[in-house]
There are 2 protein chains.
Amino acid sequence: MSREGRTTLRDVATAAGVSVATCSYVLSGRADRTTPLPEPTRQRVEEAARRLGYKGNTAARSLRRQRSELIALVYAPPVGPWLDRLTMQCEDIAAAHGYSVVGVPVRRLDRAAQSLRVITRGHVDGAIFAPGLSDDIDLTAARRSTRALMTFSDHLEFPGVDVVRNNVRQALAEATSYLVAAGRERIAFLSHNGSHDDRYLGYVDALRQAGREIDPALVRVGAASREEAVVVVRDLLDSPQPPDAIVSESDRGAFAALQAAVDRGFKVPGDLAVIGTGNTQEATYSSPPLTSVGMHQLDFTEMVEALFARIDDPSLPARELSMPWVLNHRASA
Amino acid sequence: MSREGRTTLRDVATAAGVSVATCSYVLSGRADRTTPLPEPTRQRVEEAARRLGYKGNTAARSLRRQRSELIALVYAPPVGPWLDRLTMQCEDIAAAHGYSVVGVPVRRLDRAAQSLRVITRGHVDGAIFAPGLSDDIDLTAARRSTRALMTFSDHLEFPGVDVVRNNVRQALAEATSYLVAAGRERIAFLSHNGSHDDRYLGYVDALRQAGREIDPALVRVGAASREEAVVVVRDLLDSPQPPDAIVSESDRGAFAALQAAVDRGFKVPGDLAVIGTGNTQEATYSSPPLTSVGMHQLDFTEMVEALFARIDDPSLPARELSMPWVLNHRASA
DNA sequence: TTGTATGCGTTATCAT
DNA sequence: ATGATAACGCATACAA
């Protein structure tokens with residue numbers, strides 16, 4: 001060993017009786033030589049590397065290649081089943097490119113900068129931001145410190161950042177229209193903070209298209225926490241003219257609605273249809289299982305490959321992919 | 001800029017009219033010089049760095065320092081509220097040491113090697129393995145490719161690996177004893193695969209200590225999936241002598257028990273007390289909220305600091321910390 | 001008080 | 001067909 005500890009390329013070279021250049025060529029596995037290496041040499045190198053337990057040094061390789069061979073997957077728990085797929089597909093595709101994947105859970109938005117250190121300090125060549133993050137997080141710092149950025153967002157326009165459109169507004173409109181078509185008369189909307197975001201606007205679009213007025217009494221704010229949401233929905237159900245359907249801006253709010261329905265003796269979906277947003281894992285478990293608007297198409301190959309394309313060539317024009325959210329039908333609506 | 005793109009230390013040095021060495025000293029923030037740098041010089045350097053947007057190069061730094069300044073947090077979703085705390089405390093402590101944290105979610109054990117690439121390829125200086133992982137994953141490869149490993153396990157003895165003991169067996173015994181003391185007569189155990197692991201043994205310990213026999217009819221296997229578990233518990237509740245309490249090896253099994261109880265008209269906790277294991281997030285949401293055995297103490301400072309101590313000096317003797325699981329009381333038992 | 005020189009381990013461009 | 005060798009960007013012992 002060179003000094004103390006790990007085996008270096010030079011140790012292998014010495015042991016195999018060839019130069020480090022040859023070893024590097026063999027072990028880094030690039031086949032771009034005009035003439036391929038003769039088998040005996042290659043074998044001697046590989047044998048020596050195996051015998052010495054050569055592992056390679058990512059820092060040295062990164063420095064030389066100007067690539068860390070690392071990508072990050074940024075997301076905010078809790079998440080839906082789609083993240084499993086995205087993670088595994090990322091890992092597979094990354095491995096094919098010689099890359100490894102790390103997760104960056106953003107557990108609190110107010111600490112996002114802290115969680116994103118791994119990106120802003122330049123440890124990764126690229127990052128994928130899950131839905132809902134890039135609208136709340138400033139991508140400027142991340143953009144500067146990595147070669148490629150891919151994000152889910154319906155609005156973001158950021159130079160040099162590729163984006164996947166989910167068409168959230170349209171998806172919420174479809175969910176609401178479904179309730180209208182199912183004969184629901186009084187469709188309520190459960191909002192996080194009362195902002196007129198895409199989800200609310202989709203709800204409005206559908207009602208307007210059905211020729212209905214927006215009833216302010218049916219639009220409620222306060223799904224910030226589950227406990228709060230339960231109180232809000234109970235109040236809604238206690239009103240003289242309770243809703244017969246609820247569209248919630250989040251699955252969390254929808255679960256609260258299911259709970260409040262039990263409390264107030266409303267049968268779901270008989271008396272009350274409930275639709276959530278996000279299609280989280282818990283939606284498949286709740287009782288009844290929750291119909292939820294969200295990610296459905298589970299093939300992320302194109303977006304991951306696009307990320308690697310940009311890592312290879314950052315000057316590529318920004319791409320805009322489409323993976324529309326859909327209504328995932330379960331028992332609650 | 002040196003070549004194309006990022007500002008290097010040399011650019012800063014040139015701009016500030018000092019040497020690279022001085023810049024490095026100022027910007028890497030080491031105060032171990034015999035004599036501190038005079039203010040004017042330091043200011044000129046910092047000013048130049050800011051003006052040029054100097055970011056540093058982690059690869060070069062890593063190569064030179066033989067440290068990646070990255071640690072990994074390995075866990076298997078779904079997880080409990082404790083992971084939020086662990087993550088945030090890790091991030092804080094890591095930042096204080098100049099480190100960044102990455103998450104490594106192991107979504108499928110059969111793909112663990114794939115997920116652990118970031119560790120086995122030497123990208124991180126240390127890793128923390130969450131409970132339940134190190135008993136199923138071979139740590140050999142990870143141990144070789146990182147300076148420090150910290151893991152939760154009640155049995156693991158691995159040279160050079162620090163470990164946190166959860167005393168799972170004792171915790172399950174306490175949970176079962178609690179049910180005994182509460183007057184429960186027929187306490188069932190819901191097992192994943194029928195193995196006589198610590199959780200089952202704790203259940204047995206408590207019953208024996210109470211002078212009771214183990215009734216094989218009350219020990220059921222099949223909590224691998226939620227659907228399967230529901231079937232198993234329904235069958236249990238349909239038996240001539242149904243249980244009046246269930247201890248489940250997982251929260252997942254316990255949620256299934258709650259569901260089966262509703263199906264069969266058992267009131268929880270009146271007719272049937274239910275205790276889960278893992279203290280996952282969902283336990284606080286379920287109806288009724290689930291009493292669950294699991295992590296409680298939420299101060300991980302000592303273990304994270306121990307990890308950094310070993311990163312600093314890998315020759316340290318292996319440490320054994322203790323963070324006993326406890327019974328987290330909620331409405332279900 | 002500051003600068004010079006060297007090396008970290010690897011890859012890539014040349015020569016030979 | 002293989003080997004010298006020069007970077008990659010930074011940190012540090014030591015010289016000045």
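**Exercise 1. Work out what share of chain A is buried, and how spread out the chain is.**

Step 1. Take burial to mean 20 or more other C-beta atoms, placed from the backbone, within 10 Å of a residue's own (12 or fewer is exposed, in between is partly exposed). On that count, buried residues make up 46% of the 333 residues in chain A. Keep in mind that this is a predicted model, where local features need pLDDT of at least 70, side-chain atom pairs count only at pLDDT 80 or more, and totals for chains, interfaces and linings use all residues. As for labels, residues are numbered from 1 along each chain as its sequence is written, while chains are lettered from A and ligands numbered from 1 in the order in which they are written.

Step 2. Now list the parts: chain A has 13 helices and 12 strands (DSSP runs numbered from the N terminus, H or I of at least four residues for helices, E of at least two for strands). Its radius of gyration is 26 Å, well over the 20 Å that the globule rule gives for 333 residues, so chain A is more spread out than a compact globule. (That radius is taken over C-alpha atoms, and the rule is 2.2 Å times the number of residues to the power 0.38.)

Step 3. Check the box: along the principal axes, the C-alpha atoms of chain A fill roughly 90 × 35 × 35 Å.

**Exercise 2. Find the unusual backbone spots in chain A.**

Step 1. Here's the background: most residues other than glycine have a negative phi, and most peptide bonds are trans.

Step 2. Look for cis bonds. One runs from Pro77(A) to Pro78(A), with omega near 0°, and Pro78(A) sits in the loop between β1 (70-75) and α5 (82-96). Another joins Ser287(A) and Pro288(A), at an omega of about -5°; Pro288(A) is in the loop between β9 (273-277) and β10 (291-294).

Step 3. Look for positive phi. Gln66(A) isn't a glycine, yet its phi is about 60°, and Glu69(A), also not a glycine, has a phi of about 60° too. The loop between α4 and β1 holds Gln66(A) and Glu69(A). Gln66(A) counts as partly exposed, with 13 C-beta neighbours inside 10 Å, whereas Glu69(A) is buried, with 20 other C-beta atoms within 10 Å.

**Exercise 3. Describe how chains A and B fit together.**

Step 1. Superpose chain B on chain A: the rotation is 180° with 0.0 Å of shift along its axis, and the RMSD is 0.1 Å (a least-squares fit on C-alpha atoms of residues with pLDDT of at least 70 in both copies). The two copies are thus related as by a two-fold rotation axis.

Step 2. Count the contact, which takes 36 residues from chain B and 35 from chain A (C-beta atoms, placed from the backbone, within 7 Å). On chain B's side, β2(B) gives the most, with 6 residues.

Step 3. Compare the surfaces: 97% of the interface residues of chain B are also interface residues in chain A, so the copies meet through the same surface.

**Exercise 4. Say which residues come nearest to DNA strand C.**

Step 1. Of the 27 residues around the strand, Leu9(A), Ala21(A), Ala60(A), Ser19(B) and Ala21(B) come nearest (being near takes a C-beta atom, placed from the backbone, within 6 Å).

Step 2. Find the top contributor: α4(A) supplies the largest share of this surface, 5 residues.

Methods:
Two residues are in contact if their C-beta atoms, placed from the backbone, lie within 7 Å.
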